[in-house]
Amino acid sequence: VCVLERQIFDFLGYQWAPILANFVHIIIVILGLFGTIQYRPRYIKGYAVWLVLWVTWNVFVICFYLEAGDLSK
């Protein structure tokens, strides 16, 4: 739900890179759910790696906008 909300705001601001990243995230979440239901370890591992990258990226973006640490320079 949060990704769809973010997608709408990105469309309003014409931010194309986040829009593409959100679409990729939605597709990966669907594949992760499919892999969990069908128990396909390859999909589950791929989703786990993607989730770590996605959370790391979001933490970086939050810290960047809040100008935390050395990111304000």
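UniProt, in an unreviewed entry, lists residues 16–35 and 47–68 under "transmembrane region"; positions from that record are given in the numbering used here, feature names are shortened, and annotations may be inferred rather than shown by experiment. The structure discussed here is a predicted model, in which local features need pLDDT of at least 70 and side-chain atom pairs count only at pLDDT 80 or more, while totals for chains, interfaces and linings use all residues. Residues are numbered from 1 along each chain as its sequence is written, and side-chain values use heavy atoms, with hydrogens and water left out.

In the model, the listed span 16–35 is 100% helix and 0% strand, with its end C-alpha atoms 28 Å apart. The span 47–68 is 86% helix and 0% strand, and its end C-alpha atoms lie 29 Å apart. Helices here are DSSP runs of H or I with at least four residues, strands are runs of E with at least two, and both are numbered from the N terminus.

The chain as a whole has three helices and zero strands, giving the pattern α-α-α when read along the sequence. Of its 73 residues, 14% are buried, where buried means under 20% relative accessible area, exposed means over 50%, and partly exposed covers the range in between (1.4 Å probe, protein chains only).

Helix α2 takes in residues 16–38. The expected span of a helix is 1.5 Å times one less than its number of residues; for the 23 residues of α2 this comes to 33 Å, and the end C-alpha atoms are indeed 33 Å apart, so the two agree. A handy set of buried positions in this helix consists of I19, N22, H25, G32 and G35. For G35, the relative accessibility is 0%.

Helix α2 also contributes to the surface. F11, W16, L20 and F23 make a nonpolar surface patch of about 450 Å², and α2 gives the most to this patch, with three residues. Patches are made of residues with over 30% relative accessible area and no salt bridge, with like charges joined within 9 Å and nonpolar side chains (Val, Leu, Ile, Met, Phe, Trp, Tyr) within 5 Å. A salt bridge, in turn, is a side-chain nitrogen of Lys or Arg within 4 Å of a carboxyl oxygen of Asp or Glu. Accessible areas come from the Shrake-Rupley method with a 1.4 Å probe, and for residues only the protein chains shown count as cover. Within the patch, F23 is found in α2 and is partly exposed at 40% relative accessibility.

The loop between α2 and α3 contains Y39. This residue, placed just after α2, has a phi near 50°, a positive value in a residue other than glycine. With a relative accessible area of 61%, Y39 is exposed. A second positive phi, of about 55°, is taken by E67 just after α3.

Helix α3 runs over residues 41–65. Its 25 residues should span 36 Å at 1.5 Å a residue, and the end C-alpha atoms are 36 Å apart, which agrees. Several C-alpha distances help to place residues of the chain relative to one another. A48, in helix α3, is partly exposed at 39% relative accessibility. Its C-alpha atom is separated by 8.2 Å from that of G32, 16 residues away along the chain. I44, also found in α3, is partly exposed at 31% relative accessibility. The C-alpha atoms of I44 and I28 are likewise 16 residues apart along the chain and are separated by 9.9 Å. G35, in helix α2, and K45 are ten residues apart in sequence, with 9.1 Å between their C-alpha atoms.

Finally, the structure holds three aromatic pairs. One of them joins W57 and F60, whose ring centres are 5.6 Å apart and whose planes stand at 35°, so the pair is tilted. By definition, rings of Phe, Tyr and Trp (its six-membered ring) pair if their centres lie within 6.5 Å, and planes under 30 degrees apart count as stacked, over 60 as edge-to-face and the rest as tilted. W57 and F60 both lie in helix α3, three residues apart, about one turn of the helix. As a general point, an α-helix has 3.6 residues a turn, so residues three or four places apart point the same way. W57 is partly exposed, with a relative accessible area of 45%, and F60 is also partly exposed, at 38% relative accessibility.
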